[in-house]
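Student: Please take one part of this model and describe it closely. I should like to see how it is built, what surrounds it, and how the rest of the chain provides its setting.

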Amino acid sequence: MAKKKLMRYEEIHNFPNVIYTEIVDAENRIVNRSWDDHAFAKAQETVVEIGCGRGEYCIDLARRNPHKNYVGVDLKADRLYIGALKAQEEGLTNVMFVRIRVEYLIPFLGDQKLSEAWITFPDPYNRTVNGRKRLTAGSFLDVYRHIVEPGALLHLKTDDPTLYEFSLESLKENGADILFHTNDLYSVNEDLGDATAVQTTYEKRYIKEGRLIKYIRFCLN
């Protein structure tokens, strides 16, 4: 492990806005800190970003919507370090980060239900034969069903046409209610709120390169 990554790996354990979990697979048990051990400054509805990377999206959402709490979920400590540090530097108390595998969010959250979910530019896993690693595959949709409130909105943004088409099919097959979708988000002549108002560094780069951004808004029954 590179020296810089190792330093971040060590430091992030002590960040006040990071819950750093360890999973014991055999018993499906979470050790170290859990959701109940850490709270936001204010008790208000909580939105999750799945696969948040460096946390750009959820940080921007937190800036725009101080009346909501945001939690960014990712497995890579090196990425979370960047987002958590930035949030601390800006004094944002309505955003925090959790290092955890998506499939362990159910035991981690327990009875806690989230009000909304964003899946922003996840790995498309184009070479995966059956797409089971894609974050809109059926197994992941089942996780989201357990952790969000009934009727909660979920959002997918991607530049990858294969993932977009796969997601539409997966959502239909798994009984989701697709409320809106487009293969060219920024050509839509209507206000789509945070879906267009917030852009990550990578998204801005994709747009500059001429890639079309795809978007799906859906609910899980």
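Tutor: The following account begins with helix α6, continues to the strands around it, and ends with the chain as a whole and its salt bridges.

This is a predicted model, in which local features need pLDDT of at least 70 and side-chain atom pairs count only at pLDDT 80 or more, while totals for chains, interfaces and linings use all residues. Residues are numbered from 1 along each chain as its sequence is written, and side-chain values use heavy atoms, with hydrogens and water left out.

Helices (H or I, at least four residues) and strands (E, at least two) are DSSP runs, numbered from the N terminus. Helix α6 covers residues 161–173, 13 residues in total, and its first and last C-alpha atoms are 18 Å apart, close to the 18 Å expected at 1.5 Å a residue. That expected span is 1.5 Å times one less than the number of residues in the helix.

At the N-terminal end of α6, D160 acts as the cap, with a side-chain oxygen 3.1 Å from the backbone nitrogen of T162. Just after the helix, G175 adopts a positive phi of about 75°.

Residues are called buried at under 20% relative accessible area, exposed at over 50%, and partly exposed in between (1.4 Å probe, protein chains only). In α6 the buried residues are L163, Y164, S167, L168, S170 and L171. Their cover includes α5 (138–147), β7 (148–158), β8 (176–182) and β9 (214–220). Contact here means heavy atoms within 4.5 Å.

Of these neighbours, β9 merits separate attention. Because 7 of its 7 residues are buried, β9 is largely enclosed by the rest of the structure. Both of its faces are covered: K214, I216, F218 and L220 are buried on one side, and Y215, R217 and C219 on the other. Two strands pair if DSSP finds at least two bridges between them. Strand β9 pairs with β7 in the antiparallel sense over 5 bridges, and β8 and β9 also run antiparallel, joined by 6 bridges. I216 of β9 stands opposite L156 and also opposite H181.

As for the wider setting, the chain contains 8 helices and 9 strands. Of its 221 residues, 48% are buried. Among contacts between residues at least 6 apart in sequence, 74% join residues at least 24 apart. The accessible surface comes to about 11300 Å², with 47% belonging to carbon and sulfur atoms; accessible areas come from the Shrake-Rupley method with a 1.4 Å probe, and for residues only the protein chains shown count as cover.

Side chains of opposite charge can pair when their charged atoms come close. A salt bridge is a side-chain nitrogen of Lys or Arg within 4 Å of a carboxyl oxygen of Asp or Glu, and by this rule the count comes to 11. One of them joins K68 and E116 at 3.6 Å, N to O. This pair links distant parts of the chain, 48 residues apart: K68 lies in the loop between α2 (56–64) and β4 (69–74), and E116 in strand β6 (residues 114–120). Both K68 and E116 are buried. Another salt bridge, at 4.0 Å from N to O, connects D74 with R79; D74 is buried at 8% relative accessible area, whereas R79 is partly exposed at 39%. R101 and E103 form a salt bridge whose closest N and O atoms are 3.0 Å apart. In addition, D60, R63, K86 and E90 are joined into one network by salt bridges that share partners.

Terms used:
Polar contact = N/O pair within 3.5 Å; in protein donor to acceptor, adjacent residues only side chain to side chain.
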